[in-house]
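Good morning, and thank you for coming. I would like to take you through one structure this morning, beginning with a strand and ending with two helices.

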Amino acid sequence: MQKESLYRDVEAQIYAVTEGEDNVTANMASISCLLNLAFEDFFWVGFYVVDPKKERELVVGPYQGTLGCLRISYDRGVCGAAAKTGRTQIVDNVHDFPDHIACDSQTNSEIVVPVHNKDDELIAVLDVDSTKFSTFDAVDKLWLEKIIKTVFTK
């Protein structure tokens, strides 16, 4: 199935499940699950949540996959770069990314999307990893950003 078609299908599923739900954790868990099930090349799908008790640090939130890193500073890795810059990060080869954090050595490419609430505050990042190189592109960026914005800024 074409990537766009898969995204259309999973987008509809995500919106159906999250409609009327305002619990952030429930929405993150549902998004992680549905994206993980929809895409064969998604090895790890989940959220790192801004920790209000620690300055500029993310803590692991709802996810699907192998064990994730528990904490990530804004100054480290792809997730930290997305949190620090507020921009989606697409990395074709994580081994070439400066200060990459190898939570699982099987990861070879990654996309990380910042998650803002309706007040435009950073609340988390969505992290999607693949065991393949160059898995993610502008299509993934477009759809993941759209889904995240729709669910978390409603």
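How many of the nine residues of β6 are buried? Eight of the nine are buried (under 20% relative accessible area with a 1.4 Å probe, protein chains only), so β6 is largely enclosed by the rest of the structure. Please note that this is a predicted model, in which local features need pLDDT of at least 70 and side-chain atom pairs count only at pLDDT 80 or more, while totals for chains, interfaces and linings use all residues. Residues are numbered from 1 along each chain as its sequence is written, and side-chain values use heavy atoms, with hydrogens and water left out.

Strands here are DSSP runs of E of at least two residues, and helices are runs of H or I of at least four, numbered from the N terminus. Strands pair if DSSP finds at least two bridges between them. β6 pairs with β1 in the antiparallel sense over six bridges, and Phe47 stands opposite Leu126 in β6. Strand β5 (residues 109-116) is also antiparallel to β6, joined by eight bridges; there, Val115 stands opposite Ala124. Five residues lie between β5 and β6 in their hairpin, where Asp120 has a positive phi near 65 degrees.

Let us turn to the helices. The buried residues of α1 are Leu6, Tyr7, Val10, Glu11, Ile14 and Thr18. Seen down the axis, they fall within an arc of 135 degrees (taken from the directions from the helix axis to the C-beta atoms), so they line one face of α1. They pack against α2 (24-38) and α4 (138-152), contact meaning heavy atoms within 4.5 Å. In α2, the buried residues include Met28, Ile31 and Leu35.

Technical notes:
Buried < 20%, exposed > 50% of the residue type's maximum accessible area, 1.4 Å probe, protein only.
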